[in-house]
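Here is a short report on one protein model. Keep the structure open while reading.

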Amino acid sequence: MAYSVTLNGPGPWGFRLQGGKDFNMPLTISRITPGSKAAQSQINQGDLVVAIDGVNTDSMTHLEAQNKIKSASYNLSLTLQK
């Protein structure tokens, strides 16, 4: 079940990613910093990142996903899947 979360910026957002096309793994939330913006939303460890700011992550490498997240200065919109 996919759901969307918008974190109000600026960063840091308070989560870590793992995976990406270069690792042949889906992009996944690997860690959430307690008390962070991510922790205060409904993001959970292990959630799959389907899209970042409306861009599908299927073909994104880990670095491309990181750069996309870093380039979000005001709001970060994530589409996630449990």
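## Structural report

K82 is exposed, with a relative accessible area of 54%. This is a predicted model, and K82 is a useful place to enter it.

**The salt bridge**

K82 pairs with D47 in a salt bridge, and their closest N and O atoms are 3.7 Å apart. The structure holds one such bridge. D47 sits in the loop between β3 (25–32) and β4 (48–52), while K82 sits in the segment after β6 (75–81), so the bridge ties together parts that are 35 residues apart in sequence. Is D47 buried or exposed? D47 counts as buried, because its relative accessibility is 3% and the cut-off for buried is under 20%. K82, at 54%, is exposed, since exposed means over 50%.

**The nonpolar core**

In soluble globular proteins, nonpolar side chains tend to be buried together. Here the largest nonpolar core has 20 residues. Which residues have the most contacts inside it? They are F15, I43 and L76. The elements that give two or more residues to this core are β1, β2, β3, β4, α1 (62–70) and β6.

Take I43 next. Beyond residues up to four places away in sequence, I43 touches Y3, V5, L7, I29, I32, A38, L78 and L80.

L78 belongs to strand β6. L78 is buried, with a relative accessible area of 1%. Its contacts, leaving aside neighbours within four places in sequence, are Y3, S4, V5, F15, I43, V49, A51 and I52. F15 and I43, two of the residues with the most contacts inside the core, are thus both in contact with L78. L78 and A39 are 39 residues apart in sequence, and their C-alpha atoms are 14 Å apart in space.

**The largest pocket**

Rolling a probe the size of a water molecule over the atoms shows where empty space is left. The largest pocket encloses about 240 Å³ of space. Its lining consists of P12, W13, G14, F15, R16, L17, H62, Q66, I69 and K70. Which element supplies the largest share of that lining? Helix α1 does, with four residues. Both β2 and α1 supply at least two lining residues each. By class, the lining has five nonpolar, three polar and two charged residues.

F15 appears in this lining and is also among the residues with the most contacts inside the largest nonpolar core.

H62 is another lining residue. H62 is found in helix α1. H62 counts as buried, at 15% relative accessibility. Leaving aside neighbours within four places in sequence, H62 is in contact with L17, Q18, G19, G20, D22, F23 and L27. One of these, L17, also lines the largest pocket.

**The loop between β1 and β2**

Now to the backbone. Where does G11 lie? G11 is in the loop between β1 (2–8) and β2 (15–20). G11 is partly exposed, with a relative accessible area of 36%. G11 and S36 are 25 residues apart in sequence, yet their C-alpha atoms are 9.8 Å apart in space.

P10 is in the loop between β1 and β2, and P12 is there too. The peptide bond from G9 to P10 is cis, with omega near 0°. The peptide bond from G11 to P12 is also cis, with omega near 5°. P12 also lines the largest pocket.

**Positive phi outside glycine**

Two residues that are not glycines are listed here with a positive phi.

| Residue | Phi | Relative accessible area |
|---|---|---|
| N24 | about 55° | 74% |
| D53 | about 50° | 31% |

N24 is found in the loop between β2 and β3. N24 is exposed. D53 lies in the loop between β4 and β5 (55–56). D53 is partly exposed.

**Back to the start**

The salt bridge joins D47 and K82. D47 is buried at 3%, whereas K82 is exposed at 54%.

Note on methods:
Residues are numbered from 1 along each chain as its sequence is written. This is a predicted model: local features need pLDDT of at least 70, side-chain atom pairs count only at pLDDT 80 or more; totals for chains, interfaces and linings use all residues. Side-chain values use heavy atoms; hydrogens and water are left out. A salt bridge is a side-chain nitrogen of Lys or Arg within 4 Å of a carboxyl oxygen of Asp or Glu. Buried means under 20% relative accessible area, exposed over 50%, partly exposed in between (1.4 Å probe, protein chains only). A nonpolar core is a set of buried Ala, Val, Leu, Ile, Met, Phe, Trp, Tyr and Cys residues joined through side-chain atoms within 4.5 Å. Contact means heavy atoms within 4.5 Å. On a 1 Å grid over the protein atoms alone, a cavity is a set of points where a 1.4 Å probe fits but cannot get out, and a pocket is an open set with protein on both sides within 12 Å along at least five of seven lines; lining residues have an atom within 4 Å of a point. Grid points are joined across faces, edges and corners, and a volume is the space filled by probe spheres set on the points. Ala, Val, Leu, Ile, Met, Phe, Trp, Tyr, Cys and Pro count as nonpolar, Asp, Glu, Lys and Arg as charged, and the others, Gly among them, as polar.
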